[in-house]
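Colleague: Could you walk me through this one? I would like to know what stands behind each label.
Modeller: Gladly, here it is.

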Amino acid sequence: MKIRRKLLLSYLLIVALFVAAGATITYNTMKMAELQNTARHQLEINNNAYAYQQGLDQIQFGTLMYASDNTTEGERIIVASADTMAPAETFLLDALKNNSALITEFNDVVSLDKNQINGAISNVYSLYMGNESSAQKYLDIWGQLTTLMSAVTQADIKLAHVRSVTLANVEQANADAQSYANISLIIAIAFLALITVVAAVLAVVMGKRITEPLKKLANIAHKVSLGDLNQRYYLKQNIDIKTGDEIDELVDAFRRMVNAFRMTESLANEAEEPK
Amino acid sequence: MTVEQDCLAVLAEELGPAAKAFMTRQCRNHLNKEPAQLQKSDIDELAKWSYAGVQLAIGAQVAENIKKGLLALKQKA
């Protein structure tokens, strides 16, 4: 194999190692980006569940205020809460549609809201506006408020569960991303070390395979230049130096040149000898 | 190519620029003819005398290479 091809193969080997390391790290980075998106989505679910939870608590608070003769402020709080909860509900129904456990749980919350909570609020309104005797009216209102608080508590528990699941998912995604980051770091270090070792080994081996025969040949050339045409040097080299590249060709040419010297010398000596 | 040129090419493989002088010497001294007069039938003799001459001047291995090369010319069409 020619020297240029050997050097090219060495270069390609190192490039292949770089490409392998790069591909692995790129794959890990893509996975990390994917996990980051998952975590972001789960956090959005968590935030909306929290908004819905807050809305329910505020509705409860607004109804209590309404029943406590602070009707204007109570109404304002209830309306504001409904405005907060509507987009959160739309988002959660869409975001959780692929998670059967959580969508069931959230549907229960929506059902509690639409039936028990809204029903209790309507009843509180009706009772408050009614003409019942004062004591009975407040006893009935209290009964509805108890139903409302019970339903809000149930909904709170379910929403808290939804939030805990999403937070666990976020933590899992973060842990997985961290794991990919660690693997990437290990791969980067391992490949760096491997490439360094391979490059060093190739440099030493290739350097030796190129320079050693040349050094031997230079040594013989030096002896030949001093007039030593003894065959054993280059014959020995002919056996030792077998690289299969341009150095072989150089050795062949050199061997032919020394043969020519020896033959010319022999013919000249013969011509000088007295017949 | 003539027989002379073929033989010269084989000798030059090992002897380089000294091949022509060596072949001329062997032809004149042992075959009693000029290289240009070489025939295919002279190859055996030339191989024999080339072997002897090269063995003395350079060594047996080179002489063997030349002899094999010259004898191979006989197979050449």
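Modeller: The mean pLDDT of chain A is 89, and 94% of its residues reach 70 or more; pLDDT is the predictor's confidence in each residue, from 0 to 100. This is a predicted model, so local features need pLDDT of at least 70, side-chain atom pairs count only at pLDDT 80 or more, and totals for chains, interfaces and linings use all residues. Residues are numbered from 1 along each chain as its sequence is written, while chains are lettered from A and ligands numbered from 1 in the order in which they are written.

Colleague: Where in chain A is confidence lowest, and where is it highest?
Modeller: Helix 5 of chain A has the lowest confidence in the chain, with a mean of 52, and helix 2 of chain A the highest, at 94.

Colleague: What makes the pattern of chain A what it is?
Modeller: Chain A has 6 helices and 0 strands, and along the sequence that reads α-α-α-α-α-α. Helices (H or I, at least four residues) and strands (E, at least two) are DSSP runs, numbered from the N terminus. Chain B, with 4 helices and 0 strands, reads α-α-α-α.

Colleague: Why is B:Val10 called buried?
Modeller: A residue is buried if 20 or more other C-beta atoms lie within 10 Å of its own, exposed if 12 or fewer, and partly exposed in between, with C-beta atoms placed from the backbone. B:Val10 has 24 other C-beta atoms within 10 Å, so it is buried. B:Val10 sits in helix 1 (residues 3-15) of chain B.

Colleague: Which residues does B:Val10 touch, leaving out those up to four places away in sequence?
Modeller: B:Val10 touches B:Ile66, B:Gly69, B:Leu70 and B:Leu73; two residues are in contact if their C-beta atoms, placed from the backbone, lie within 7 Å. The C-alpha atoms of B:Val10 and B:Lys68 are separated by 9.3 Å, with their places 58 residues apart along the chain.

Colleague: And why is A:Phe91 partly exposed?
Modeller: A:Phe91 has 17 other C-beta atoms within 10 Å, so it is partly exposed. A:Phe91 belongs to helix 2 (residues 71-95) of chain A. From A:Phe91 to A:Asn48 is 7.3 Å, C-alpha to C-alpha, although they are 43 residues apart in sequence.

Colleague: How do you know that helix 1 of chain A is roughly parallel to helix 3 of chain A?
Modeller: The axes of helix 1 (residues 3-67) and helix 3 (residues 100-129) of chain A come within 10 Å and cross at roughly 15°. Axes are lines fitted to C-alpha atoms, for helices over the stretch in contact, and angles run from 0 to 180 degrees between N-to-C directions. Angles under 35 degrees count as roughly parallel, over 145 as roughly antiparallel, 65 to 115 as roughly perpendicular and the rest as oblique. Therefore helix 1 of chain A is roughly parallel to helix 3 of chain A.

Colleague: Which residues make that contact?
Modeller: Helix 1 of chain A brings A:Leu56, A:Ile59, A:Thr63, A:Tyr66 and A:Ala67, and helix 3 of chain A brings A:Asp113, A:Ile117, A:Ile121, A:Val124 and A:Tyr128.

Colleague: How many residues does each chain give to the contact between chain A and chain B?
Modeller: Chain A gives 11 residues and chain B gives 13 residues. On the side of chain A, helix 6 of chain A gives the most, with 9 residues.
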